Amino acid sequence: MSDKQSGGFVGGLMLGAAMGAVAGLLMAPRTGRETRRILRKSADALPELVEDLSTSVHLQADRLSETALVNWEQTLSRLREAIAAGQEASRQEYEQLSQAAPVATNGSGQE
């Protein structure tokens with residue numbers, strides 16, 4: 001029974017392949033010689049196309065790298081400003097607390 005099913009499958013596969021080949025030959029828009037000439041022409045132009053694509057990708061990578069570097073510098077500058085502002089605010093708060101602390105200890109009545 002298994003041999004009968006696999007024989008049917010192989011027969012169907014062969015019939016489908018033959019029908020596909022005939023349909024391909026009948027429906028081909030060009031002759032084989034013309035198709036091979038077009039493929040050869042395309043294959044000859046492929047290295048130039050790859051070189052152009054490589055150049056384009058290289059230029060895009062350079063532009064992206066420059067943009068990332070500029071953004072990084074701006075972010076670093078803003079971070080430095082924020083740290084400086086935080087340090088200044090901390091210093092001012094410390095001075096206010098230092099000035100207020102002697103009053104609080106003096107107000108405790110221990111002097």
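## Helices, salt bridges and a nonpolar patch

Arginine 30 comes out as partly exposed, at 44% relative accessibility. Before going on, note that this is a predicted model. The side chain of arginine 30 meets that of glutamate 34 in a salt bridge, with 3.8 Å from N to O. That still counts as a salt bridge because the cut-off is within 4 Å. Glutamate 34 is partly exposed too, with a relative accessible area of 31%.

Now for the overall picture. The chain has two helices and zero strands. Helix 1 covers residues 2-27, while helix 2 takes in residues 32-106. How much of the chain is buried? Buried residues make up 0% of its 111 residues; the bar for that label is a relative accessible area under 20%. The accessible surface adds up to about 10,200 Å², and 62% of that belongs to carbon and sulfur atoms.

Helix 1 is where you'll find valine 10. Together with Phe9, Leu13 and Met14, Val10 makes a nonpolar surface patch of about 450 Å². Valine 10 itself is partly exposed, at a relative accessible area of 45%. That value fits with a place in the patch, because patch residues need over 30% relative accessible area.

Back to the charged side chains: the structure holds three salt bridges. Here they are side by side.

| Salt bridge | N to O distance |
|---|---|
| Arginine 30 and glutamate 34 | 3.8 Å |
| Glutamate 88 and arginine 91 | 2.3 Å |
| Arginine 91 and glutamate 95 | 2.6 Å |

Which residues are linked in a network of salt bridges? Glu88, Arg91 and Glu95 are. Arginine 91 pairs with glutamate 88, their closest N and O atoms lying 2.3 Å apart, and also with glutamate 95, where the closest N and O atoms are 2.6 Å apart.

Why do these partners line up along helix 2? Glutamate 88 and arginine 91 are three residues apart there, so about one helical turn separates them. Arginine 91 and glutamate 95 are four residues apart in helix 2, which again means a separation of about one helical turn.

And are the network's side chains buried or exposed? They sit in between: glutamate 88 is partly exposed at 33% relative accessibility, arginine 91 is partly exposed at 39%, and glutamate 95 is partly exposed at 38%.

In short, this is a chain with two helices and zero strands, a nonpolar patch that includes Val10, and three salt bridges, with Glu88, Arg91 and Glu95 joined in a network.

Key: Residues are numbered from 1 along each chain as its sequence is written. This is a predicted model: local features need pLDDT of at least 70, side-chain atom pairs count only at pLDDT 80 or more; totals for chains, interfaces and linings use all residues. Side-chain values use heavy atoms; hydrogens and water are left out. Buried means under 20% relative accessible area, exposed over 50%, partly exposed in between (1.4 Å probe, protein chains only). Accessible areas come from the Shrake-Rupley method with a 1.4 Å probe; for residues, only the protein chains shown count as cover. Patches are made of residues with over 30% relative accessible area and no salt bridge: like charges are joined within 9 Å, nonpolar side chains (Val, Leu, Ile, Met, Phe, Trp, Tyr) within 5 Å.
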